[in-house]
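The exercises below are meant to be worked with the sequence and the model side by side. Try each task before reading its solution.

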Amino acid sequence: MMASAMTAQLDWSATIQQRQQRLRAQHLCRQTQAYRVVGDVLLHDDRSGQTLIHFSGNDYLGLSQHPALQAALASAAAAGSGSGASRLVSGSRPEHDALEQALAERFERDAALCFSSGFVANVSVLQALAQREDVLLLDKLCHASLIDGARLAAAGCRRYRHNDVAHCRQLLLQSARTGMRVLASDGVFSMDGDQAPVQQLAALAAANRALLIIDDAHGIGVLGEHGLGLLEQQGLGQQQVPLLIGTFGKSFGLAGAFITGQADLIDHLRNVCRGLIYTTAAPPPLVHAQRVSLRVQAEEGWRRERLRENIDWFVAHANVAGVPLLPSHSAIQPVLIGDNQLALQAQEALRQQGLLVVAIRPPTVPQGTARLRITLSALHSKRQLQQLIDALSQLELPA
Ligand SMILES: Cc1ncc(COP(=O)(O)O)c(C=O)c1O
């Protein structure tokens, strides 16, 4: 009896099946699905034979298909396909240094440091910075990677209500820690598309000698006169926000990430970030292409202008058509559905009309807030935008 109870308890396979079954019952199962790129914003699904207009990516400027980036990847292959070691051992190449210098110059910061992904950068930076005697404050809707970084950090973490600076202040003042205060937020929120009140956060941080970190993965390339993101749009520099985090997987059309900011801070992070120290440096061709995408973004301002025009056009026309968008001025335009199953049904209905808009469900968003996360690109035509609005208008959406 004892033995069989023990056996049942240790049956990992039954446990996994049970957990998977629970996900299915909650309409939370996910699958990867391969699509072939067959046009600027067109994906082909070989299984169903459908070609879909793509409204569910983060390639806001359409750079993932840019010939200069593809040429950069190919041309730098001679530098070696892999770096062969971590940055601090022997994996640093001239491409890494050149990219970091170019980033610091473009963002007008002292220094920059590259990471293999935004997820790794966020986890590493928060874990490394927030020590036991410190306190860490995060917005409730911060990206999962910031939350996981906070979980790994020894510091106590407090989460303030979304974009509620008064609540943030209250938690900050309540914290009895003796060390430093670290305040971190998304710039443009990844699942809502709205913006953090960065000026108020900067004022709060300054008044309390706290370190403010902004992850502007979704604002960089999209916002600001030169596409430098929310901080540029709001007139905030390194003085007010000593650490800015960006990713190459969104508007730069590649993969990877960077942090940029005050020299001593970057230098310290180079010494203590586990996600930099204990991982192989990014392949030189990718790093070279990242630098090219930085240049292309700066040179091809028309992409940002087209995107801005598309965002404004889409929001105005969706409003007229009565499509209930969440308030957002970014390329992320969510339609809140609530229920997981209803969100999947809406996704399927759009798909039947040749539109790819993926339903985002918990835990990516809070329980009861499943949504269609529509993303816009500089390369969408007005006709494609209208097609989406027409299809959304036919759905039965919560008011
Ligand atoms: C705000 C934010 N930060 C970080 C990341 C992670 O970036 P990456 O895809 O480079 O890991 C994402 C990606 O979804 C994000 O939305």
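A polar contact is a pair of N or O atoms within 3.5 Å; within protein, one atom must be able to donate a hydrogen and the other to accept it, and residues adjacent in sequence count only if both atoms are side-chain atoms. The model is predicted, so local features need pLDDT of at least 70 and side-chain atom pairs count only at pLDDT 80 or more, while totals for chains, interfaces and linings use all residues. Residues are numbered from 1 along each chain as its sequence is written, and side-chain values use heavy atoms, with hydrogens and water left out.

**Exercise 1.** Find which polar side-chain atom lies 3.0 Å from an oxygen atom of the ligand, and then describe the surroundings of the ligand.

*Solution.* Start with the atom asked for, which belongs to Lys250. Continue with His218, whose side chain has an N or O atom 2.6 Å from an oxygen atom of the ligand, and with Asp215, where an N or O atom of the side chain is 2.5 Å from a nitrogen atom of the ligand. The protein covers 83% of the 390 Å² of accessible area that the ligand has on its own (Shrake-Rupley method, 1.4 Å probe). Widening the view, 14 residues surround the ligand, and Gly118 and Phe119 are also among the closest (a residue is near if one of its heavy atoms lies within 4 Å). Helix α6, residues 118–129, contributes the most to this shell, with three residues (helices are DSSP runs of H or I, at least four residues).

**Exercise 2.** Decide whether Asn310 is buried or exposed, and list what it touches.

*Solution.* First place Asn310 in helix α14, which spans residues 301–320. Its relative accessible area is 0%, and Asn310 is therefore buried (under 20%, with exposed meaning over 50% and partly exposed in between; 1.4 Å probe, protein chains only). Leaving out residues up to four places away in sequence, Asn310 touches Leu376, Ser377, Ala378, His380, Lys382 and Leu385 (contact means heavy atoms within 4.5 Å).

**Exercise 3.** Classify the ring pair formed by Phe252 and Phe258.

*Solution.* The structure holds four aromatic pairs (ring centres of Phe, Tyr or the six-membered ring of Trp within 6.5 Å; planes under 30 degrees apart are stacked, over 60 edge-to-face, the rest tilted). For Phe252 and Phe258 the centres are 6.3 Å apart and the planes stand at 75°, so this pair is edge-to-face. Both residues, Phe252 and Phe258, are buried, and ring pairs link them with Phe107 and Phe248 into a cluster.

Note on methods:
Helices (H or I, at least four residues) and strands (E, at least two) are DSSP runs, numbered from the N terminus.
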